[in-house]
Amino acid sequence: MDTPQNPSLLASDMKVADLHLHTRYSDGTYTPEELAGHAAAVGLDAVALTDHDTVAGCAPMAAACAGRGLEFIPGSELTADLEGREFHVLGYWLDAGSALLQARLAEFQAARIQRIHDMVDRLNHRGIGLTADAVLAVANCGSPGRPHVARALVEGGHCRNYDDAFERFLKKGRPAWVPKVALTMAETIQLIHAAGGAAVLAHPGLYRSDPMIPGIAALGLDGLECWHTRHSATASESYARTAARLGLVATGGSDCHGMAKGEPLIGRIRLPYAQVTALKARRPVAAAAA
Ligand code: AMP
Ligand code: FE
Ligand code: FE
Ligand code: ZN
């Protein structure tokens, strides 16, 4: 595997952050307690929780971080549609008390549960005897998704492993793939701002849509996730230049899902804390107060 590039100028005494982490509140395998424990063990100073379409893990994660002297940033990873393509947008410092945010998250979660039923129907039509209840039991959270279907397929003996489940059934274009309901990119960025947050385009290297980044930036984006465990060193440096050119804060995160993908990725990306400070200044409340 290509070694991800960490931000340059990284002195050993510099405070570092990981701004992309998942727990069991979406498709990660760690509890907030376990994740905070790993964050402290690998020497992080600040962490953001970015579970898919939910902020339900943020209160327990805040408590777990407080107990370890870690700074905690409440966030979420939202799905956005732009010209028929799916992008992920990270929202940071989201106000969980925002009625608009909570209403939208409730809609996404209801759509996710319906999508599990639709994916299971498709699997059933192909002779795979899986039930939606089995998937929802594996998920055991408000934000069920394809990773949980993959785990249920493995547990049921229908697939060899997680990757096999995606390759045979769940990847876009495969028999059990069902598109996800999503807001547009403009609506997603507006929602994050309405909830007091800063909006960052997640892992641009996974979309093969680099020419669309300036247009997304023009919709009010605040940052670009330049450093990610699936970006090569070359790609990371290139995205950092893109961020600088477009006036975006260059951010980074491991996208750790616990043991879901074989190895915990937390600790692989160490973002200098100055980037956290720069991103924090982009929040609408911060801008209004300035
Ligand atoms: P969903 O939100 O239900 O569409 O699931 C998306 C999640 O599935 C991503 O955040 C990844 O964690 C995981 N995922 C997506 N594509 C793959 C793949 N090809 N192989 C393994 N995991 C994947
Ligand atoms: Fe995920
Ligand atoms: Fe993502
Ligand atoms: Zn993620």
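User: What distance separates the zinc ion (ligand 4) from the iron ion (ligand 2)?

Analyst: In this predicted model, 4.4 Å separate the two ions. Residues are numbered from 1 along each chain as written, and chains are lettered from A and ligands numbered from 1 in written order. Local features need pLDDT of at least 70 and side-chain atom pairs 80 or more, while totals for chains, interfaces and linings use all residues, and side-chain values rest on heavy atoms, without hydrogens and water.

User: What makes a residue a protein donor of the zinc ion (ligand 4), and which residues are they?

Analyst: A donor is an N, O or S atom within 2.8 Å of the metal (3.2 Å for Na, K and Ca), and a site may look incomplete because water is not among the atoms. His20 (NE2), His22 (NE2), Glu77 (OE) and Asp255 (OD) lie 2.1 to 2.3 Å from the zinc ion (ligand 4) and are its protein donors.

User: Why is the arrangement around the zinc ion (ligand 4) called irregular?

Analyst: Four donors count as tetrahedral if all angles lie between 85 and 135 degrees, and as square planar if opposite donors are over 155 degrees apart and all others between 65 and 115; six count as octahedral under that second rule, and anything else is irregular. Here the four donor atoms subtend angles of 78 to 167°, which makes the arrangement irregular.

User: Are His22 and Asp255 buried or exposed?

Analyst: Both His22 and Asp255 are buried, a term for under 20% relative accessible area, with exposed over 50% and partly exposed in between (1.4 Å probe, protein chains only).
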